[in-house]
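Let's go through this complex by asking things of it and working out the answers. Here is what we'll be looking at.

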Amino acid sequence: MRLTEAEEAMLDGREGKAKQKAMDLLVRYGEALGAERFVDTTNVTGVPAYYSPVLLDYYKVAPDDAYEVIYSRFDLDSDEVVEVPRMVVNSCGLQGGVDAEGWKTLGKSYEALRMSERSEAASAARGVRILKTCTPYLAGNVPKLGEHCAWMESSAVVYCNSVLGARTNTEGRESTSAAMLTGKIPDWGFHRDEFRFATHHIQVEVNVESVMDWGMLGYFIGAAVGERIPVVTGRFSRPDLIHHKHFGAAAASSGGVEMYHLEGVTPEAPSLRQALGSKAPAAVIPYGKAEQRRTYDELNARATDPNVDFVMLGCPHAALEQLREIAGLLDGRRISGNCRLWVFTSRAIKAEADVSGYTAVIRAAGGAVLTDTCSSIAQAVPPGTRVVALDSAKQTHYLPAIMGIQAWFGTTAECIDAALTGRWNGRRP
Amino acid sequence: MTTSPGTILDGERRPGSITLRGRKVVGGYAEGEALVTRDTISGWGGINPMTGTVIETRHELRGQSFKDKILVFPGAKGSSGWSAAFHITRITGTAPKALVFNEMTTKIALGAVVMRIPAVTDFDRDPLEIIESGDWVTVDGDRGIVEIRRGPRN
C-alpha cells in the first residue's frame with residue numbers, strides 16, 4: 001500500500017503506540033484486500049472492546065481492567081497491550097448483548113450487566129457515542145451522501161450504501177476499532193465509484209408492498225445474488241424507511257448484499273441504465289408468485305408446531321412507527337398466558353415510544369420493550385421457548401439456528417395475533 | 001471434477017499432485033486435510049467458534065468441524081461479526097489451518113488477517129472444481145501456491 005506522510009507517521013509510532021498498532025492492522029488488512037491506499041473516514045460504527053466471558057477468560061483479566069487489554073489484543077490484534085487514547089473521528093457503539101434496564105427479563109446475570117457497563121463507560125470516556133443499536137441511522141447517526149464510513153452491522157451497512165448513498169464496506173470489529181483511532185480505512189470496494197454499479201437485474205413480477213413482502217424479496221435476492229449488487233425493477237410500491245430496513249437486512253443475511261439499487265428510488269439508481277453503469281447485467285432474475293411462495297416456504301421450513309410461546313419483534317431495531325403499529329394491534333388486550341412478547345429497539349427510539357405512550361400500552365398487554373440487543377445477539381429467549389413467531393426474515397434466518405427452536409415467519413399483525421392467542425395462523429401469500 | 005486421482009497437470013512439482021496459482025491474502029505456510037464446500041460461510045451466527053463447527057441451518061457442512069482443516073470455500077457471507085467469530089476460533093484453538101477461497105470480501109480479508117493463517121485467492125483455476133474434501137493440501141501463502149494430493153496423506 002502507498003501511505004501518506006501522516007499515515008507513515010502513525011505506522012512508525014510517532015503518534016503513539018495505539019495508533020501504531022491500529023495502522024499495522026489496517027495495513028495488513030488493506031494488503032489482504034489488495035487495496036493500494038486508504039481513504040479518510042469520518043464516521044465509524046463498531047463494538048469497541050466489547051467484553052465477553054471467553055475474552056476475559058482467555059486474557060485472564062477482570063472487567064475493571066479489561067478495556068485496554070481487549071482493545072489491544074483482540075480489537076487491534078496486537079500482542080502488546082497499549083494505552084487507548086480518545087477516538088479521532090465520529091465513533092458510535094452498536095448493539096451489545098445486554099439491556100441495561102431489561103437485563104433480568106433477558107435472563108442475564110448482574111455480572112454480565114456490569115461487564116457491559118464497564119466496557120461502555122470506558123468507550124464513552126474515549127468519545128464513543130453509546131447508541132447501542134443495529135439502526136444507528138434511526139438513533140442520530142445519519143451519514144451524508146458520499147461520506148466515507150467504516151460501519152459494522154450488515155443491515156446498517158446495506159442501508160448506508162443503498163438508501164443514504166454514503167460509502168462503506170462491511171467492516172468488522174477489528175477494522176472499526178482501528179479506524180476509530182486513525183480515521184483511516186482501506187480504499188477498496190464500496191468506497192470506489194466503479195464498484196457500486198449493479199451486477200444483477202431483479203425483475204419483480206408480483207406486488208411488493210408490506211414489510212413482510214419486502215423481507216421476502218430481500219431474502220430471495222440475497223440467496224440469488226450472494227455478494228453481488230442487485231438492481232430491482234418492476235411491481236413494488238415506493239418503500240418507506242421500514243421497508244428498506246427489512247429488505248436490506250434480509251438480503252444481507254441470506255446472501256452478502258452490501259448495496260442494492262431500486263430503480264427510480266435509491267440515490268444512485270435514477271434509471272436502470274445508470275444503476276448498471278451502462279453495462280449489461282450478469283443475470284436477469286425474475287421474482288414472481290412462485291419465487292415469493294418458495295421464499296415464504298423456506299422461511300417457514302423450520303416450524304411444524306402451531307403453538308407459539310414467544311413472539312420477538314424489532315429486527316432490525318423497531319422504528320417509532322413500528323412501536324405505534326404494535327401498540328395499535330394489541331388494542332388494549334392482553335397477550336396469551338402461554339406466550340411472551342419482546343419488542344427490541346434503540347434507546348433513542350424507546351425514549352420517544354415512552355413519551356408517546358406506546359411502551360406503556362405494550363407493557364399493559366404483558367409485553368416488554370427492550371433495548372440494546374436482540375434475541376440472536378443476546379442469545380436470550382424466555383425460559384422454555386420452543387416455537388417463536390417473527391416478522392423479520394433476518395431474525396428468522398438466525399434465531400432458530402442459534403437457539404435450536406422452531407420459527408414462524410409472517411406479518412407483524414400475524415405475530416401479534418400469535419401473541420394474543422398463542423397460536424400461529426399465518427397465511428401463505 | 002474430470003481429473004482422476006494422480007493425474008499430472010501443468011507445471012507439477014511432484015508427480016501425482018496438482019498445483020493452483022493465486023494471489024497472497026495472508027502469508028505463511030500450512031498443510032492439512034481439505035474441507036470443501038460450495039456454500040458460502042457465515043461467521044457470527046453461522047459457526048460456533050467454541051467448537052469450530054458450522055451451525056447454519058441447511059448448510060452443506062452443518063455440524064462439521066473445520067478445526068485444523070484447509071477450508072476451501074467460495075467466500076464469506078452474512079453478519080459483520082465474521083472476523084470476530086473466526087478471530088475467536090484462533091483463541092479457542094478451533095481455527096482452520098488455512099483459507100482457500102474464490103470471492104474476496106472485507107469480511108474474509110479481515111478474518112484471515114486476525115486468524116493469522118495463510119490465505120490465498122484469485123486462482124488460475126477454480127479450487128472448488130479441483131479440490132475434494134479429504135485431499136491433502138499445502139498452502140504457501142507468500143507465493144500464492146496451493147498444491148493438492150488426492151486423499152489423506154499416507
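**Chain by chain**

Of the 154 residues in chain B, 51% count as buried (20 or more other C-beta atoms within 10 Å of the residue's own, against 12 or fewer for exposed and in between for partly exposed, with C-beta atoms placed from the backbone). This is a predicted model, where local features need pLDDT of at least 70, side-chain atom pairs count only at pLDDT 80 or more, and totals for chains, interfaces and linings use all residues. Residues are numbered from 1 along each chain as its sequence is written, and chains are lettered from A and ligands numbered from 1 in the order in which they are written.

Reader: Which stretch of chain B has a pLDDT below 50?

Author: pLDDT is the predictor's confidence in each residue, from 0 to 100. Chain B averages 89, and 88% of its residues score at least 70. Where pLDDT is low, the predicted coordinates should not be read in detail. The stretch below 50 still has 13 contacts beyond near neighbours in sequence (a contact means C-beta atoms, placed from the backbone, within 7 Å), and it is residues 1-14 of chain B.

Reader: What ipTM does the predictor give the complex?

Author: Two scores come with the complex as a whole. The pTM is 0.93, and the ipTM is 0.90.

Reader: Which element gives the largest share of the side of chain B that touches chain A?

Author: 29 residues of chain B are in contact with 31 residues of chain A. The elements giving two or more residues to that side of chain B are β2 (23-26), β8 (76-77), α1 (82-92) and α2 (106-115); helices (H or I, at least four residues) and strands (E, at least two) are DSSP runs, numbered from the N terminus. The largest share is seven residues, and it comes from α2(B).

Reader: How many residues on that side of chain B are charged?

Author: Here Ala, Val, Leu, Ile, Met, Phe, Trp, Tyr, Cys and Pro count as nonpolar, Asp, Glu, Lys and Arg as charged, and the others, Gly among them, as polar. The side of chain B that touches chain A has 14 nonpolar and 11 polar residues, and the charged ones number four.

Reader: What are the edge strands of the eight-stranded sheet in chain B?

Author: Chain B has three helices and 12 strands. Eight strands form an open sheet with mixed pairing, in the order β1-β12-β11-β3-β7-β9-β10-β2 (two strands pair if DSSP finds at least two bridges between them). An edge strand pairs on one side only, and here those are β1 (17-21) and β2 of chain B.

Reader: Which residue is the bridge partner of B:E33?

Author: Strand β3 (residues 29-36) of chain B and strand β11 (residues 136-140) of chain B run antiparallel, joined by five bridges. In β11(B), the partner of B:E33 is B:W136.

Reader: At what angle does α2(B) run to β2(B)?

Author: Axes are lines fitted to C-alpha atoms, for helices over the stretch in contact, and angles run from 0 to 180 degrees between N-to-C directions. α2(B) lies across β2, β9 (98-101) and β10 (119-121) of chain B, and its angle to β2(B) is about 65 degrees.

Reader: Over in chain A, which residue stands opposite A:V44?

Author: There is an open sheet of four strands with parallel pairing, in the order β4-β3-β2-β5 (chain A). Strand β2 (residues 43-46) of chain A and β5(A) pair over three bridges. Opposite A:V44, in β5(A), stands A:A150.

Reader: How many residues does α9(A) give to the side of domain 2 that touches domain 3 of chain A?

Author: The domain assignment, automatic or from a database, gives domain 1 (5-193), domain 2 (197-298) and domain 3 (302-421) in chain A. 15 residues of domain 2 of chain A are in contact with 13 residues of domain 3 of chain A. α8 (211-225) and α9 (241-254) of chain A each supply at least two residues to the domain 2 side. The largest share is that of α9(A), at eight residues.

Reader: Why is helix α16(A) described as largely enclosed, and what residue follows it with a positive phi?

Author: α16 (residues 393-403) of chain A has 10 of its 11 residues buried, so the rest of the structure largely encloses it. Among the buried ones are A:H397 and A:Y398. Just after the helix, a positive phi of about 65 degrees is taken by A:G404.

Reader: How many residues of α17(A) are buried?

Author: Helix α17 (residues 412-421) of chain A is mostly covered. Its buried residues, including A:C415 and A:I416, pack against α8, β11 (310-318), α12 (320-330), β12 (340-345) and β14 (387-390) of chain A. Of the 10 residues in α17(A), the buried ones number eight.

Key. Two residues are in contact if their C-beta atoms, placed from the backbone, lie within 7 Å.
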